[in-house]
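Hi,

Here's the structure I promised to pass along. Have a look, and my notes on what turned up are just below.

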Amino acid sequence: MKRIVICSLVLLFLCCSESTTKSPSETAKAVAESFFSKDESALKKHTTSEGYASLITVQNMIPDSDKDIEVEILDEAVDGEIAWVKYSTTYDGKTGIFKLAKENGQWKVTSKGPREKGPF
């Protein structure tokens, strides 16, 4: 009986556990949404330390918005441990590009080098 209870608990745990690994596009969308909603904890969770510092600097220069900002992923390119995601938002209608790097098995938005160009 004890064995059945333990097996049932293990099975329940495995069925209910959610994968925390997001794709580059999912991560980019989470970063864009947290950037415009000024959710710093979510922003920090999905960025490298360099990416976070860069985005916070820019975020402090944009005015607060009371409207819901929608994010649309337009394209994604992955090359090993580096990914690029092109997106647009309803904030200003312009497209943007995030560079992502894998950090501890998770995709995180990082900063681009000054002359670094992605695939788009």
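The count comes to two salt bridges, taking a salt bridge as a side-chain nitrogen of Lys or Arg within 4 Å of a carboxyl oxygen of Asp or Glu. Before the details, some housekeeping: this is a predicted model, with local features needing pLDDT of at least 70 and side-chain atom pairs counting only at pLDDT 80 or more, while totals for chains, interfaces and linings use all residues. Residues are numbered from 1 along each chain as its sequence is written, and side-chain values use heavy atoms, with hydrogens and water left out.

One salt bridge joins E116 and K99, at 2.7 Å from N to O. It links distant parts of the chain, 17 residues apart: K99 sits in strand 3 (residues 95–103), and E116 in the segment after strand 4 (106–110). Strands here are DSSP runs of E, at least two residues, and helices are runs of H or I, at least four, both numbered from the N terminus.

How exposed are the two partners? E116 is partly exposed at 32% relative accessibility, whereas K99 is buried at 12%. The cut-offs are under 20% relative accessible area for buried and over 50% for exposed, with partly exposed in between (1.4 Å probe, protein chains only).

The other pair is E103 with K108, whose closest N and O atoms are 3.6 Å apart. E103 is partly exposed at 32%, and K108 is buried at 15%.

Away from the charges, A42 belongs to helix 3 (residues 40–45) and is buried, with a relative accessible area of 19%. Its C-alpha lies 7.4 Å from that of V31, 11 residues away along the chain.

Cheers
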